[in-house]
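Biologist: Please put the model on screen. I have questions about its surface and its salt bridges.

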Amino acid sequence: PGSCPAPCECSEPAKTVKCVNRNLTAVPPDLPPYVRNLFITGNRLARLPAGAFPAQRLPDLSALNLSGNHLRAVEAGALAALPALRQLDLSGNPLVSLSPQAFGEGGSPLEELALRGALRDHGVLLSLGAMLQSGALRNLSRLELADNGLLPLPAGAFAALLALRQLDLGDSSLVGLRNASLQAPGRLQGLNLSDDSLGVLRNGTPAQLRGGPPALRRVGLGRNAWLCDCAVEDLVAWLKEGDRAEGKEALTCAYPDKVLGKALLKINGSDLNCSVPVDLPSQLQTSYVFLGIVLALIGAIFLLVLYLNRKGIKKWMHNIRDACRDHMEGYHYRYEINADPRLTNLSSNSDV
């Protein structure tokens, strides 16, 4: 106890241990108990099994950096025996399995979690959503999910993070935000949506930002290709009425060509050429009602014509019946002649 593992560099005065680029395939089991800042980066751990960190051996470990280790699986209980853990960095790992019980059953005191570029697998994204919703990370104040393909975000993933203050969703190819996915607690102060693929903010997102957490003071929207059509009106109104958006003066239109490069703050109704919106569901409902009335009138007229001409129709039906009966009798007579050889010979002699 107290010694430094062979592949690592230790500093007892700084309470720091660094095991960087050592091709490690497992967490060193003989880490000194004084460590508070542990860097195990650039290795080949592949998986983090249950009990990867010895129980009761690292009582003061508060900052753990496991970035860039080719980690693919974080199993249940892998981070459960770290009572003082406050910061965890799992960035740059191609995770395909993240257990919702990675921090154990009782939750974790974790306050900062970085998962930059580690959530490219959709199953891992769903597991993270389940972990966040379960309350296992209810003490999180900073969550970094940048550089991930979050398409889409799990609904209500952040609702249980009552202490969350900083949320980073930048550079994640987001094309939109559903109201349910953006539900955040009232303490949220910063939201980064920069470098995404946001063309518009639909589904009432600007209204949600407008009436969102009162502590929200910083929203990053830079470097998105904004589509300046009628759907951008709510966003422009939100930008003009407050100062929550960072660098809002630099936000410009990318489409259509006639407003290419124009600042969103300078967009007006004449640029958008918006007409009075049509309520399509109401219009369809009116069309269906009108069609039903027309069909009912046609049916009523048809029945009336049938009633007025009932005698003629009855006579016509009788004539058709008589004609069919005569026709069938002729067929029956020919059949009897053909079926009787004597009548057939008689018919032939008569023809001669």
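**Fold, patch and salt bridges**

Biologist: How many helices and strands does the protein chain have?

Modeller: This is a predicted model. Its protein chain carries 7 helices and 16 strands.

Biologist: What percentage of the residues of the protein chain count as buried?

Modeller: Buried means under 20% relative accessible area. The chain has 352 residues, and the share that count as buried is 38%.

Biologist: Among contacts between residues at least 6 apart in sequence, what share join residues at least 24 apart?

Modeller: A contact here needs heavy atoms within 4.5 Å. Of the contacts in the protein chain that span at least 6 residues, those joining residues at least 24 apart make up 65%.

Biologist: What part of the exposed area do carbon and sulfur atoms supply?

Modeller: The protein chain exposes about 19600 Å². The carbon and sulfur share of that area is 56%.

Biologist: Which helix gives the largest share of the nonpolar patch?

Modeller: The patch covers about 690 Å² and is made by Phe302, Leu303, Leu306, Ile313, Trp316, Met317 and Ile320. Two elements give two or more residues to the patch: helix H5 (280-308) and helix H6 (310-339). The largest share is 4 residues, and the helix that gives them is H6.

Biologist: Is Trp316 buried or exposed?

Modeller: Trp316 sits in helix H6 and is part of the nonpolar patch. The cut-off for exposed is over 50%. Trp316 has a relative accessibility of 51%, so this residue counts as exposed.

Biologist: How far apart are the end C-alpha atoms of residues 288-308?

Modeller: The unreviewed UniProt entry annotates residues 288-308 as "transmembrane region". In the model the span is 100% helix and 0% strand. Its end C-alpha atoms are separated by 31 Å.

Biologist: Which residue forms a salt bridge with Arg47?

Modeller: A search of the whole structure finds 9 salt bridges. In this one, the closest N and O atoms are 2.7 Å apart. Arg47 is in strand S4 (residues 47-48), and its partner, 28 residues apart, is in the loop between strand S6 (73-74) and strand S7 (87-89). That partner is Glu75.

Biologist: Is Arg47 buried, partly exposed or exposed, and what about Glu75?

Modeller: Partly exposed lies between under 20% and over 50%. Arg47 has 43% relative accessibility, so Arg47 counts as partly exposed. Glu75 has a relative accessible area of 28%, so Glu75 is also partly exposed.

Biologist: How many residues apart in sequence are the parts that Glu111 and Arg86 tie together?

Modeller: Glu111 and Arg86 form a salt bridge, with the closest N and O atoms 3.7 Å apart. Glu111 lies in the loop between strand S8 (97-98) and strand S9 (112-114), and Arg86 in the loop between S6 and S7, so the pair ties parts whose separation in sequence is 25 residues.

Biologist: Which residue of the Asp147 and Arg120 pair counts as exposed?

Modeller: Their side chains meet in a salt bridge of 3.1 Å, N to O. Asp147 lies in the loop between strand S10 (142-144) and strand S11 (166-168), and Arg120 in the loop between S9 and helix H1 (122-134), so the pair ties together parts 27 residues apart in sequence. Asp147 is partly exposed, with a relative accessible area of 27%. At 56% relative accessibility, the residue that counts as exposed is Arg120.

Biologist: Which residues do salt bridges that share partners join into one network?

Modeller: Here shared partners link the salt bridges into one network. Its residues are Arg116, Glu144 and Asp168.

Technical notes: Residues are numbered from 1 along each chain as its sequence is written. This is a predicted model: local features need pLDDT of at least 70, side-chain atom pairs count only at pLDDT 80 or more; totals for chains, interfaces and linings use all residues. Side-chain values use heavy atoms; hydrogens and water are left out. Patches are made of residues with over 30% relative accessible area and no salt bridge: like charges are joined within 9 Å, nonpolar side chains (Val, Leu, Ile, Met, Phe, Trp, Tyr) within 5 Å. Accessible areas come from the Shrake-Rupley method with a 1.4 Å probe; for residues, only the protein chains shown count as cover. A salt bridge is a side-chain nitrogen of Lys or Arg within 4 Å of a carboxyl oxygen of Asp or Glu. Buried means under 20% relative accessible area, exposed over 50%, partly exposed in between (1.4 Å probe, protein chains only). UniProt positions are given in the numbering used here, feature names are shortened, and annotations may be inferred rather than shown by experiment.
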